[in-house]
Amino acid sequence: LPAALARFNLSRAAIVVTHPEIWKRSGRLLRQPLERAGWTLKPVFIAASETSKSLRTAESVIGAVSAASPMQTPLLLAFGGGVVGDLTGFVAAVYRRGVPYVQLPTTLLAQVDSAIGGKTGVDLPSGKNLVGAFYQPRLVWNQTSILASLPPRQIRSGLGEIIKYGVIADAELFELLERRMDDCLSLKPGITRTLIDRSAAIKADVVSKDERETRDIRIRLNFGHTLGHAIEAATGYRRWTHGEAIAVGMAAASEMAVRLKAWPEKSHERLVRLIQAAGLPIRAPGVPVKAVLDAMRFDKKFTRGRPRWVLPTAIGKVAVREDVPASLVEKTVRRYLSPSSPS
């Protein structure tokens with residue numbers, strides 16, 4: 001890591017945005033090589049919760065960064081999962097109209113998805129990631145060994161995003177997950193590296209073609225996210241992990257595609273089986289339907305007053321649709337928020 005950072009000629013007085021728990025458990029893995037190379041690190045702590053992705057927390061971090069970096073351009077290190085990465089990137093984008101930052105993701109989900117692509121932001125009560133900026137990190141450094149300390153729920157959450165990549169762009173990855181889900185859940189080293197490399201390559205390829213989501217290319221990465229984000233917002237970002245919420249969203253979007261005759265029932269069944277094999281939910285019982293439908297109205301993918309849905313057409317391929325009837329959306333949402341499993 002010190003050698004990789006040295007290429008960018010950045011300040012060696014770095015501010016590390018992280019969670020106290022991560023710093024206590026894994027901070028030495030970051031401190032030791034950097035301090036030996038002449039760096040000084042100052043941690044700035046935020047709570048380990050999606051609720052930390054707020055304007056209030058961003059303002060607090062900006063104050064800490066400003067106090068710690070008089071008369072110099074600070075370097076921010078995002079040392080954590082998606083919440084830390086999104087918040088740190090947002091702070092880096094707006095403080096002094098842009099300062100350098102580096103992504104050091106510590107979760108599977110962040111390593112395969114959220115740390116890549118330059119989307120930064122914070123949430124509002126009405127919806128997720130509604131305030132933000134496109135702002136690229138100087139470097140994304142995936143240290144796969146740090147994943148060994150992840151609890152099972154966070155591994156499953158990361159697998160939700162990896163399943164998404166299989167559906168939208170990589171049929172072989174989807175089939176690999178079907179064959180070796182037990183190894184994926186236990187993070188066997190070889191397959192873990194494969195999952196991360198293939199997912200990151202898909203994300204980087206899509207982003208390089210449509211960085212600011214203006215060409216209907218990057219939107220494909222949002223398969224499952226329309227309903228997933230709404231579930232997170234409707235429950236105050238406290239009940240479901242991101243991967244769990246988008247798993248429900250993928251299952252629901254898949255059923256919509258079946259109803260629209262856009263893809264086969266057998267493919268829907270394969271996807272549902274894979275989601276369940278990963279230990280992820282296919283429904284979110286008890287979440288208020290009205291709150292979810294209201295939250296979906298603020299989805300960033302909706303333009304010109306019309307919803308845009310990312311729906312699968314084959315394993316490895318999706319399409320963006322603006323013609324999904326509102327009645328089908330509401331019926332499907334109600335089914336996937338009901339106490340009993342959709343049949």
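## A salt bridge between Arg321 and Asp323

The side chains of Arg321 and Asp323 come together in a salt bridge, with 2.7 Å from N to O, in what is a predicted model. Arg321 is partly exposed, its relative accessible area being 21%, and Asp323 also counts as partly exposed, at 47% relative accessibility. For Arg321 that value places the residue just inside its class, because buried means under 20% relative accessible area.

## Other salt bridges and a shared network

The count of salt bridges comes to 23. One of them joins the side chains of Glu50 and Lys128, at 3.7 Å from N to O, and this pair links distant parts of the chain, since Glu50 belongs to the loop between β2 and α3 (55-68) whereas Lys128 belongs to strand β6, 78 residues apart. Both partners are classed by accessibility as follows: Glu50 counts as buried at 13%, and Lys128 is buried with a relative accessible area of 8%. Glu50 and Lys128 also take part in a network in which salt bridges that share partners join them with Lys53, Asp86, Asp123 and Glu232.

A salt bridge set within a single helix is formed by Arg259 and Glu255, whose closest N and O atoms are 3.4 Å apart. Both residues lie in helix α11 (residues 242-259), where a spacing of four residues corresponds to about one turn of the helix. The two ends of this bridge fall into separate accessibility classes, for Arg259 is partly exposed with a relative accessible area of 47%, while Glu255 is buried with a relative accessible area of 5%.

## The parallel sheet

Five strands make up an open sheet with parallel pairing, arranged in the order β2-β1-β3-β4-β7. The edges are occupied by β2 (40-45) and β7 (139-140), each of which has a single partner strand, so one side of each is left without a neighbour in the sheet. Within the sheet, strand β3 (residues 75-80) runs parallel to strand β4 (residues 101-105) and is joined to it by five bridges, and Leu77 stands opposite Val102 in β4.

## Aromatic pairs

Two aromatic pairs are present in the structure. In one, the rings of Trp23 and Phe79 have centres 6.4 Å apart and planes at 85 degrees, so the pair is edge-to-face. Because Trp23 lies in helix α2 (residues 20-36) and Phe79 in strand β3, this pair ties together parts that are 56 residues apart in sequence. Trp23 is buried, with a relative accessible area of 13%, and Phe79 is likewise buried, with a relative accessible area of 5%.

Tyr101 and Tyr135 form an aromatic pair that is stacked, with 5.9 Å centre to centre and 10 degrees between the planes. This pair, too, links distant parts of the chain, Tyr101 being in strand β4 and Tyr135 in the loop between β6 (127-134) and β7, 34 residues apart. Tyr101 counts as buried, at 1% relative accessibility.

## Charges over rings

Trp23, which pairs edge-to-face with Phe79, also has Arg31 lying over its face, at 5.4 Å from the ring centre. A further arrangement of this kind involves Lys164, the charged end of which sits over the ring of Tyr165, 4.4 Å from its centre.

Definitions and conventions: Residues numbered from 1 in each chain as written. Predicted model: local features only at pLDDT ≥ 70, side-chain atom pairs only at ≥ 80, totals over all residues. Heavy atoms only, no water. Pairing = 2+ DSSP bridges. Helix = DSSP H or I, 4+ residues; strand = E, 2+ residues; numbered from the N terminus. Phe/Tyr/Trp six-rings, centres within 6.5 Å; stacked < 30°, edge-to-face > 60°. Buried < 20%, exposed > 50% of the residue type's maximum accessible area, 1.4 Å probe, protein only. Lys NZ or Arg CZ within 6 Å of the ring centre and 35° of its normal. Salt bridge = Lys/Arg side-chain N within 4 Å of Asp/Glu carboxyl O.
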